[in-house]
Amino acid sequence: MAIAKTTFLSSPEARAAWGAALDARLTEDGFVVASCENSRDGPWRVDVFGEGDPAEVAAAITDGARELGVAAPAWQIETLPDTDWVAENQRSFRPFSVGPFWVHPSHASDGMPPGALPLRIDAGLAFGTGTHATTRGCLELLATLDASETVNAIDVGCGSGILAIAMAKLWRRHILGSDNDPEAIGVARENAALNGVDDLCNFVEAADLDTPAIAARAPFDLIVANILAGPLVELAPGFAGASRRILLSGLLVEQAAEVLEAYGRYGFDVEQRIDLETGGAWWRSLLLRRH
């Protein structure tokens, strides 16, 4: 089925709220919401991609406008050419360094800096090649942690498995990863094998921390979750009951206050934070600790 792109313009002040409103209505049906700055201090372009019915997107925009108390914007729908986007992404993915890690695809393995930890990740059907600001922020923060304080760690919403693999290579210990997408679990296992840590990484399909394989490992020294602001808020009670230290990412800078409020109710404070940019948007990674 062809992928359609629905586009409209938003004010800079409202684009984060639009992203949250559309994510809540569309992501479970396989749509992806993205935004980028058209010009400095000018309007932002909001794009919704997916193979689903464009009428569903139109309804989500109308409902979102009602929720935000604004007039529904004019939108355009475009059918994208039939392109192998995975292959296209693989061709454009080039090696880069972040913290102590050197992230590279299989087809580009030369040029690793001396002493770097290689992370071999191929672009695929799961999120996480390391190029996005959220993943880079997590990798930078992980590199600052004391190995003696991270004996039992889990990567929730592991996607490609890059963060679990990074922890396994950095600390040389068993890491648990989970995702509610069975395709992501398959990709994560393949990537762990490519990196020689399949014996250290255990990936399980799960929607929360109550799955037996996860519950048996709790409590955790560290929970890592690079997902979205909305789910992070919803997961706050479960995360708070399972760990005293949490690394969160996947949230825009404008969404950080809401996420911090949710975790602050359980006694968490900011230990470290990193703000990085991708596609004109600034994303925040938060390391929280309950004292």
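What covers the buried residues of helix α2 includes strand β1, at residues 4–10, helix α1, at residues 15–26, and strand β3. I should say at once that this is a predicted model, and with that in mind let me stay with α2 for a moment. The helix runs over residues 54–68, which makes 15 residues, and from its first C-alpha to its last it reaches 21 Å, close to the 21 Å expected at 1.5 Å a residue. Which of its residues are buried? In α2 they are Val57, Ala58, Ala60, Ile61, Gly64 and Ala65. If you look down the axis of α2, these buried residues fall within an arc of 160°, so they line one face of the helix. On the other side of α2, by contrast, Arg66 and Glu67 are exposed.

Now please look at the two ends of this helix. At the N-terminal end, Asp53 acts as a cap, with a side-chain oxygen that lies 2.9 Å from the backbone nitrogen of Ala55. Just after α2, Gly69 takes a positive phi of about 70°.

I mentioned strand β3 as part of the cover, and one of its residues is worth a visit. Phe49 lies in β3, which spans residues 44–50, and Phe49 is partly exposed, with a relative accessible area of 26%. Phe49 and Phe31 are 18 residues apart in sequence, and yet, C-alpha to C-alpha, they are 5.6 Å apart in space. Leaving aside neighbours within four places in sequence, Phe49 is in contact with several residues, among them Ile3, Ala4, Phe31, Val32 and Leu80.

Let me move to another strand, β14, at residues 281–290, where we find Arg284. Is Arg284 buried or exposed? Arg284 is buried, with a relative accessible area of 11%, and its side chain makes a polar contact with the side chain of Asp275 at 2.7 Å. Beyond its neighbours within four places in sequence, Arg284 is in contact with residues including Leu248, Leu252, Ala256, Arg273 and Asp275.

Next, the cysteines. How many disulfides does a search of the whole structure find? The search finds zero. Cys138 is in no disulfide, and the nearest cysteine sulfur, which belongs to Cys158, is 13 Å away. For Cys158, the closest cysteine sulfur is in Cys201, at 9.4 Å, and this is too far for a bond, because a disulfide needs the two sulfur atoms within 2.5 Å. Cys138 counts as buried at 0% relative accessibility, and Cys158 counts as buried too, at 5%.

I would like to finish with the backbone. Most residues other than glycine have a negative phi, and most peptide bonds are trans. With that background, consider Arg172, which has a positive phi of about 50° although it is not a glycine. Arg172 is found in the loop between α5, at residues 162–171, and β9, at residues 175–179, and there Arg172 is exposed, with a relative accessible area of 52%. Where, then, is the peptide bond that is cis? That bond runs from Ala218 to Pro219, with omega near 0°, and Pro219 lies in the loop between α7, at residues 212–215, and β11, at residues 222–226.

Notes. Residues numbered from 1 in each chain as written. Predicted model: local features only at pLDDT ≥ 70, side-chain atom pairs only at ≥ 80, totals over all residues. Heavy atoms only, no water. Helix = DSSP H or I, 4+ residues; strand = E, 2+ residues; numbered from the N terminus. Buried < 20%, exposed > 50% of the residue type's maximum accessible area, 1.4 Å probe, protein only. Polar contact = N/O pair within 3.5 Å; in protein donor to acceptor, adjacent residues only side chain to side chain. Contact = heavy atoms within 4.5 Å. Expected span 1.5 Å × (residues − 1). Arc of directions from axis to C-beta.
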